[in-house]
Amino acid sequence: MVSLPPDIWADLYFDGAWNSISRDVRQTAPVTITRGLSAESASVAEPTSCECVLDSRNHRYAPRNPRSLLRGKIGRNTPFRVGYEAGSPWAEFDGGLTYNSLFVNDAAALDLTGDFDLRLDLALEDWSESQMLALRYIPGGTNELWALEILDGVLTFLWSPDGTFASRITQTATAAVTAYNGQRLALRVTLDKDNGAGRYELRFYTGRTVDDTEWHLLGAPVTGTSTTTGFSGSAYMEFGGGFSFNATPAGGVLNRMRGRAYAFQLRDGIGGTVKVNMSTRAAAAGGTTFVDSTGLTWSRGGDAVLTNRHIRMTGEVPAWPPTRDLSGNDTFVEINPSGVMRRMDAGNKPQDSALLRYIKANQPVECWPLTDGEQSRSGKSLVGGKPMTQINTAADTPGNFGKGTLAEWIEPVIQILPDVTGSIQGECPVTAGTAAMWSVDFFMRGGGNESAGVFEIYDAGAGSDTDNQAQFRLIFDGNSDLLTLTLDMVGESSSSSSLVMAATSVAIYDENPHHVRVTMDPQASSTLWYVYADGQLIGSGTIASIAVKAARIMRLGWGYLTVSGQNMTERGFGYFTLWDGTGPSAANMYDALMGFTGEGAGDRIERLADEAGYVASSAGDSALQEPMGIQGRKKLLELLNEANQTDFGYLLEARDRNELIHRGHSTLWNQPPALTLDFSAGLISAPFKPVDDDKLTENDVSVKREYGAVPARQVLEDGALSVQDFPDGVGRYDNEYTYSLATDGQAGHVASMRLHLGTYNGVRYARITLDLANPRVHQMIDDILRVDCGDLLRLTNLPEDHGPDDVDVLVQGYTEEAGPDAWTITFNCVPAQPWTALVLGSTAYGRLDTGGCVLAEDLTETEQGVDVTTAGTRRWVDSATYPSEFPFDIRIGEEVMRVTACTGTTASQSFTVTRGINGVQLTHSTGADVRLATPAYLGL
């Protein structure tokens, strides 16, 4: 039996560093950690939480006690982390320019005669950071053999057929690695030195382990113009960083690997003979050398360490409640650290609009949102500058603050009424940045057919004969759909006026929100100018002989150019913003105005977190992220969860850092098991109760796009879980949802996905408990502690009354408890079978069902010839035409059969089968349903 309690450690962050408090964690009380979704039906993860008792008999954890050694060092939301020292070690590298690696000296096994197949199991602290990963490369001579690097998230492989720099070849993947910070992945690089067409072919992959059988191709294959040759030499081989080589292909200095290394595999030939097979499981924590399964000795180099110190939770301690026993002699503190989501969800203030958030995050030189209250008569500066004030405006006809509209998802702005004359003006700070280049943005809506007035920008000139002031006038003419820019150069005794631009068909005078930008880029004796509307350039040129100065005055005037009797509506104006040359692009500003519609779900999560001062990273194919709809004015955590739900993913706090991670839906499909649990081997603890009820059933689903049209509806009309009454179905289970979606067309896809998940016809295993103190379970501790939300567990050899098949589940969340009496982890799970997606060309997931097939005869328990009739639109493949597509497995009732041959090319066909693949052989009646044993679905 494993000794209890396990080896628990804990740290607090103060004095600028992590400090151990392990000796004060009470061994008589359990440490409990809860993470992810708390139940099957939950859709939003709660903050990760921990329960822990600290010994405080010396009043160490009483921050208000003046005699406490930690007084002034700890308090509300002090960072905290906790974990175990358990299982096998891994190699940990600090990155930077300091040398750290695992290395093996030259050996015959390192020389390859066939094609190249390299596989690494690793976790990088930041997958977008450029760093060395693995190499066999000594600069100079003939030992510059190969190196694998990651440059700005893109894998780069370089090699030399003869070991010299002159012959070196460099190729990069056509797609970046998309993983969250700290995520553990397997990477694979294969080099087919002669693909049969006189060329080499390089491929990059990702997977879960170095022994995966289903790898995910990263981008497209990279093909050379000729063949290449093998690698041989006398160089040592390194994992993590080069002792004598750390450079980019362009020659720049490259950091060594920053992260964790678990396994290294090198094969002679693609999928061929394993020449090197290193796993740090063969090492000892704190050791310096170990021998891998191929007999090679690996050594720890530089600052690398071998450790098994797992971080199970990182969070913040919100309170330090002092507690004592009745005698008053025993004092302790029961702390409840929580993840950063707890703080994100505090309060009830709605989130600023996407536009306001984006402007704040990019730190403008000046900005007047004009979102002040209805009683205001001036506009407050967003950056603390002078207010924008109304001038030349009749007392009874001012601009109406708080009543103007740009869009439903943006704060109310100033409203300008028809046939009312007035103006509002603000003075900008003059900076060195704006003297070099400046851009002015503003946003508007409305105007009808009549002119909306004029917007003026004055530069910092003195207005004297020796220092003229440049005055730009942007004139709105809705009647002609015209936007005109003029320039007046004003001195004391003279002035000049010129037309800079007259843009037609600008389409900004309607009831939709619009963006206008004016940019001036002074040169030595001239100025480059640009005007944008809705993020697109509508005019540009050069103002000769004039170097415009920094922008100093902005003025909006209205009603001066109106024509009585024209069709005109009230207008809204807001967010007058000044940038220097470092400001965001016009396209990005327009995207912000439109709530970043079309932005990928993971990209939105990362941007929202960054704007709020948090760190978030996403895993999953960026091309497969669900495009988001308009970002509304909601609380930060609500917006983050909204993006995660649209992507059908998981949003969590990282276990080992105070960050958010998003696991996109593309990472959930077709997973290999993270853990296989054999029930017959006593690996699963009580309670173990499968559930077969209607809790998750949805067979009539409507999904509406927020700010969109009518809902899309998907209904299951036929089948066991259809809306038909029993016995033909289960009756109607209808639900309606609102999602943030970029297009109305997505609503149908989301409704189909919800219907698909809500009509899974199988037993559910909602809770799976493992006793980590059980020696049989403890042998799997490395794999168990790796399991995270979204991973797949496979249950095998279940009791007969559970059915004959293995069961796959996805982990939604978990609770683990480590104490003097027990060490357990309980996974909250949902069925994984619906997450099997069609993959073209895949042997495991590349086959579609017929759409409807039945037995054409009664079948005995042993009969191996099976006649079927297909009612669907596609028959089964026949073995004469498609011999490479055999065998495949079908299911009839509870029995799985393996089809080894098929004859017939019409709806009536005959199978040759091997019976009882899943251990069940039964009789079957004519008309019984015939399906693929493992169906694949079209992914979201």
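1. In this predicted model, the crossing of helix 5 and helix 6 is left-handed. The axes of helix 5 (residues 601-611) and helix 6 (residues 636-646) come within 8 Å and cross at roughly 165°; since angles over 145 degrees count as roughly antiparallel, helix 5 is therefore roughly antiparallel to helix 6.

2. On the side of helix 5, the contact is made by Ala601, Arg604, Ile605, Leu608 and Ala609, while helix 6 contributes Leu636, Leu639, Leu640, Ala643 and Asn644. By residue class, the contact of helix 5 with helix 6 divides into eight nonpolar residues, one polar and one charged.

3. Strand 41 (residues 650-653) runs antiparallel to strand 42 (residues 660-663), and four bridges join the two; strand 41 and strand 42 form a hairpin, with six residues between them. Within this pairing, Leu651 has His662 of strand 42 as its bridge partner.

4. The side chains of strand 41 deserve a separate remark: Tyr650 and Leu652 point one way from the strand, Leu651 and Glu653 point the other way, and all are buried, the charged residue Glu653 being among them.

5. Further along the chain, six strands form an open sheet in the order 51-52-55-54-53-56, with antiparallel pairing. Its edges are strand 51 (853-855) and strand 56 (930-932), each of which pairs on one side only, and neighbouring strands of this sheet are turned against each other by 45° on average, direction ignored.

6. At the strand 56 edge, the pairing with strand 53 (residues 888-892) is antiparallel and extends over three bridges; here Ile890 stands opposite Leu932 of strand 56.

Conventions. Residues numbered from 1 in each chain as written. Predicted model: local features only at pLDDT ≥ 70, side-chain atom pairs only at ≥ 80, totals over all residues. Heavy atoms only, no water. Axes fitted to C-alpha atoms, helices over the stretch in contact; angles between N-to-C directions. Parallel < 35°, antiparallel > 145°, perpendicular 65-115°, else oblique. Left-handed = near helix turned anticlockwise from the far one by under 90°. Contact = heavy atoms within 4.5 Å. Buried < 20%, exposed > 50% of the residue type's maximum accessible area, 1.4 Å probe, protein only. Pairing = 2+ DSSP bridges.
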